[in-house]
Amino acid sequence: MPESAGHRRHSVLPQVRLDQLLDELQFRLDSARVTHARMQSLLEAVLSVGSDLDVEQVLQHIVEAGVVLADAEYGALGVVEDGQRLSRFLPVGISEPLAAKIGALPSGHGILGELIRHPEPLRLTDLAQHPSSYGFPQHHPPMRTFLGVPIRVRDEVFGNLYLTEKRGGAQFDADDEAMLSMLAVAAGVAIDNARLYHESRMRERWLEVLGEITRVLLAGADTKEVLDLIARRSGELADADCAAVFLPDPGTGGLRAVVVHGPDAGHLAGTVVPRKGSLVGLAARTGKPAVTADLGADARDRTTTGRSQVTGPAVAVPLLSEEQAAGSIRLSRVAGRPAFSAHDVTLLSGFAEQAALALELDRRRRQSEQLEALRERDRIARDLHDLAIQRLFATGMTLQSATRLIDRPEAAVRIGRAVDDLDETIKIIRSTIFDLRTAAQPREEAGLRRRALDVVAKAGEALGFAPSLRMDGPVDTDIPAETAEHVLAVLTEALSNTARHARAHRADVTLTVADEVVLTVTDDGVGLPCAPKDGSGLANMRGRAGLLGGGMTRERPEGGGTRIVWRVPLRAPGTGPVGQG
């Protein structure tokens, strides 16, 4: 009996050890299956994340894959900007109605800020117990467990992946952290690839637009049409809500918005902003891009008003001309939208340089055409003087000598009238010759005619069309220098008012000299408001007329628009003929 009992004891022990070994083997097999399943899930997540080349889709896939891998209730991806705050936050697991109740998305405080300041994996069993806990806003769902890992793109922290509330009330473990860290590595590669693809596509589109602008210039389009194309295309490519081109305004020394596309076009078009105190002025002065994440709150820009609708992120790049900043392109987005990236700014700067070069080539081409036209005018003037006037003068002399041979008085009267008509025709031709030669006169020797032509041509840039100009009488010889300066100042102010307020499609300028000097500026715009008092511009014009003993009237033509008639005596009160005291 004792032997039998001992034998049974020895036979039971190996069976127990075998059961334990089998249990351990089963456990290891189960663990291997779980690990294999998780690795399979990780592989599928990596493939899903890397299969898309759209940055937005890649970011969304990263969050969704992280939630599935770690079996979390909620997830989010925060994009870090300037290493200090979150510029974007993409949540998963919170419905849109609940997100609307919660309000503004996180910007990088509390636990999220801890991961920004210290970009290392962070795993917590209770969010509320951490010293950096910032609390949750009203309506936010309760969250205890937390797992966060940084996402690096080329050794730079792009953002952070956050997971909260592991399902079933469990805690995030080391395996979850390892899996999420591996996903973050794959995510960094996928984001980099998507950004490179996006950047290459953007470069292609920018080059296509530059080619379009060049073709339009070569086709002979005017500068306003080209600027309109530059603003519209740059706004489309950079996904901006408002695009504006600012060029120098000679009258004020500031920058005038010559072209505006977007919600702010109604009040921004035609306005002048200062070179100091505006983002576009800063870009024009320094020759470098000026970027802001909030145009309405940026102390460098004081141009936003209550009527401005696009006051969020903005970028201004200079339009360089002959190594000098001539103007700026400003792109802006509504508040709450993402800021312009460094790549956006680089592409836009290169685009602006090429656009400015195209405009400079167009300006040189127009100067060449103008020079050729001036040469042709000079030739026409010589022909008129040497041929037409001489023949008319000879004909007049012949007719005058023939009157002595005519017996009938009425015939002599008719011939006398014909001679007078010839004299008047000679005067008109001489005035035309003077106008033609004045256009070719050097600027340093320019008289009132040439300077008035320059003022009208410059105003055409702001108006978007060339005003007509007609001058009658001895403009350069009979108008005193003081009066001429007043005429130019009034002409500049009148055309500036038309550009700012009239929304006109046509403007006509007439300057006549006889017993008095009369300057008339007419446009077909919306007309000036019937205010009880003149604005500062009209008051200045009226004051200049009063100084010279004249006056000014403001009229509304039958067809609509505005007519300014400014008249002064040919000689100021108390002065005599030229050369006398």
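## A quick tour, starting from Trp-566

Take Trp-566 as your way in: leaving out neighbours within four places in sequence, Trp-566 is in contact with His-486, Val-487, Val-490, Val-517, Val-518, Leu-519, Met-541, Arg-544, Ala-545, Leu-548, Gly-551 and Met-552. Keep in mind that you're looking at a predicted model. The chain has 581 residues, and 39% of them count as buried. Its secondary structure comes to 14 helices and 16 strands.

**The nonpolar cores**

- Trp-566 turns up again in the largest nonpolar core, which has 36 residues; Trp-566 is one of those touching the most other members, along with Ile-479, Leu-491, Leu-495, Leu-511 and Leu-519.
- Several elements give two or more residues to this core: the list is α11, α13 (481-502), β13 (507-513), β14 (516-523), α14 (536-547) and β16 (562-569).
- Which element gives the largest share of this core? That's α13, with nine residues.
- Another core, of 33 residues, lies apart from this one, and its members include Ala-221, Ala-243, Val-345 and Leu-347.
- As background, nonpolar side chains tend to be buried together in soluble globular proteins.

**Two helices to check with a ruler**

- Helix α11 runs over residues 448-463, so at 1.5 Å a residue its 16 residues should span 22 Å; the end C-alpha atoms are 22 Å apart, which agrees.
- Which residues of α11 are buried? They are Leu-448, Arg-449, Arg-450, Ala-452, Val-455, Val-456, Ala-459, Gly-460 and Leu-463.
- Right behind α11 comes Gly-464, with a positive phi near 90°.
- Helix α6 (residues 223-237) passes the ruler test too: its 15 residues should span 21 Å at 1.5 Å a residue, and its end C-alpha atoms are 21 Å apart.
- In α6, the buried residues are Val-226, Leu-227, Leu-229, Ile-230, Ala-231, Ser-234, Gly-235 and Leu-237.
- When you read lists like these, remember that an α-helix has 3.6 residues a turn, so residues three or four places apart point the same way.

**Positive phi without a glycine**

- Asp-239 is not a glycine, yet it has a positive phi of about 55°.
- You'll find Asp-239 in the loop between α6 and β6 (242-248).
- Is Asp-239 buried or partly exposed? Its relative accessibility is 45%, so Asp-239 counts as partly exposed.
- Glu-165 is not a glycine either, and its phi is positive at about 60°.
- Glu-165 has its place in strand β5, and at 22% relative accessibility Glu-165 counts as partly exposed. The cut-off for buried is under 20%, so Glu-165 misses it.

**Rings and a charge**

- The count of aromatic pairs comes to two.
- One of them joins Phe-146 and Tyr-162: this pair is tilted, at 6.2 Å centre to centre with 35° between the planes.
- Phe-146 sits in strand β4 (residues 146-153) and Tyr-162 in strand β5 (residues 156-166), so the pair ties together parts that are 16 residues apart in sequence.
- Both of these residues, Phe-146 and Tyr-162, are buried, and they form one aromatic cluster with Phe-89.
- Elsewhere, look for Arg-333, which lies over the face of Phe-340 at 3.9 Å from the ring centre.

**The chain overall**

- Take the contacts between residues at least 6 apart in sequence: 59% of them join residues at least 24 apart.
- The chain exposes about 32,100 Å², and carbon and sulfur atoms supply 54% of that.

Note on methods
Residues are numbered from 1 along each chain as its sequence is written. This is a predicted model: local features need pLDDT of at least 70, side-chain atom pairs count only at pLDDT 80 or more; totals for chains, interfaces and linings use all residues. Side-chain values use heavy atoms; hydrogens and water are left out. Helices (H or I, at least four residues) and strands (E, at least two) are DSSP runs, numbered from the N terminus. The expected span of a helix is 1.5 Å times one less than its number of residues. Buried means under 20% relative accessible area, exposed over 50%, partly exposed in between (1.4 Å probe, protein chains only). Rings of Phe, Tyr and Trp (its six-membered ring) pair if their centres lie within 6.5 Å; planes under 30 degrees apart count as stacked, over 60 as edge-to-face and the rest as tilted. A charge sits over a ring if NZ of Lys or CZ of Arg is within 6 Å of the ring centre and within 35 degrees of the ring normal. A nonpolar core is a set of buried Ala, Val, Leu, Ile, Met, Phe, Trp, Tyr and Cys residues joined through side-chain atoms within 4.5 Å. Contact means heavy atoms within 4.5 Å. Accessible areas come from the Shrake-Rupley method with a 1.4 Å probe; for residues, only the protein chains shown count as cover.
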